Amino acid sequence: MTGSDDRRQDPPVNNGLMISGGTHYVGNQAVGHGAQAFSGSVSFQPQDAERTAELLAYVERLLEEHRAALADPDATSRELRRLREELDEAEPQPTVLRRALDRLNEFVQPVTPLVVAVGQLAQSVQGLPGL
């Protein structure tokens, strides 16, 4: 017999991940056949660092220009400084960068040029592992 009835079919395998209830803190994960999860130090290529520095300076200029339109300009300046300090670290922490970018984006929401500039800054940092 050469029909499909001769072959035993294995049941489908669900390589997904299900988490329910409570609070879960998850690090690097890989799910599925041959999946791998990697973690490593964060580093910039020289051109990435230059582009990020240019965008930081641009956001700072826009912040000064539009300071009066921001709900909390001092907090916005502090968050930008926090972001700059983390980027200056030998091994910037992706979670710190992400949190600073998220907060900065929230603070600049009423000012379109700042929203666009912070978005560009976030994109320039997107190449970092973990972001």
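**Exercise 1. In which helix is the place of Thr 112?**

Solution. The model is predicted: local features need pLDDT of at least 70, side-chain atom pairs count only at pLDDT 80 or more, and totals for chains, interfaces and linings use all residues. Residues are numbered from 1 along each chain as its sequence is written, and side-chain values use heavy atoms, with hydrogens and water left out.

Step 1. Find the element. Thr 112 is in helix H4. Helices are DSSP runs of H or I with at least four residues, strands are runs of E with at least two, and numbering starts from the N terminus.

Step 2. Check its cover. Thr 112 has a relative accessible area of 58%, so it is exposed. The classes are buried (under 20% relative accessible area), exposed (over 50%) and partly exposed (in between), with a 1.4 Å probe and protein chains only.

Step 3. Look across the chain. His 66 is 46 residues from Thr 112 along the sequence, and their C-alpha atoms are separated by 10.0 Å.

**Exercise 2. Describe the chain as a whole: its helices and strands, its buried share and its exposed area.**

Solution.

Step 1. Count the elements. There are four helices and zero strands. Along the sequence the pattern reads α-α-α-α.

Step 2. Take the buried share. Of the 131 residues in the chain, 26% are buried.

Step 3. Take the surface. The chain exposes about 9,400 Å², and carbon and sulfur atoms supply 46% of that area. Accessible areas come from the Shrake-Rupley method with a 1.4 Å probe; for residues, only the protein chains shown count as cover.

Step 4. Sort the contacts by sequence separation. Take contacts between residues at least 6 apart: 59% of them join residues at least 24 apart. Contact means heavy atoms within 4.5 Å.

**Exercise 3. Work out how H2 packs against H3.**

Solution. Two packed helices are described by the angle between their axes and the distance between the axes.

Step 1. Get both values. The axes of H2 (residues 73–87) and H3 (residues 94–107) come within 9 Å and cross at roughly 155°. Axes are lines fitted to C-alpha atoms, for helices over the stretch in contact; angles run from 0 to 180 degrees between N-to-C directions.

Step 2. Name the arrangement. The crossing angle makes H2 roughly antiparallel to H3. The cut-offs are under 35 degrees for roughly parallel, over 145 for roughly antiparallel, 65 to 115 for roughly perpendicular, and oblique for the rest.

Step 3. Give the hand. H2 passes H3 in a left-handed crossing. Left-handed means the near helix is turned anticlockwise from the far one by less than a right angle; right-handed means clockwise.

Step 4. List partners. H2 residues including Leu 80, Leu 83 and Glu 86 meet H3 residues including Val 96, Leu 97 and Leu 101.

Step 5. Class them. The contact of H2 with H3 has 10 nonpolar, one polar and three charged residues. Nonpolar covers Ala, Val, Leu, Ile, Met, Phe, Trp, Tyr, Cys and Pro; charged covers Asp, Glu, Lys and Arg; the others, Gly among them, are polar.

**Exercise 4. Repeat the analysis for H3 and H4.**

Solution.

Step 1. The axes of H3 and H4 (residues 112–125) come within 10 Å and cross at roughly 165°. H3 and H4 are therefore roughly antiparallel to each other.

Step 2. H3 passes H4 in a left-handed crossing.

Step 3. Leu 97, Leu 101, Leu 104 and Asn 105 of H3 meet Val 115, Val 118, Leu 121, Ala 122 and Val 125 of H4. By class, this contact has eight nonpolar, one polar and no charged residues.

**Exercise 5. Is Glu 86 buried or exposed, and which residues does Glu 86 touch?**

Solution.

Step 1. Glu 86 is in helix H2. Its relative accessible area is 13%, so Glu 86 is buried.

Step 2. Residues up to four places away in sequence are not counted. Glu 86 then touches Glu 91, Pro 92, Gln 93, Val 96 and Leu 97.

Step 3. Glu 86 and Val 96 are 10 residues apart in sequence and 7.3 Å apart, C-alpha to C-alpha.
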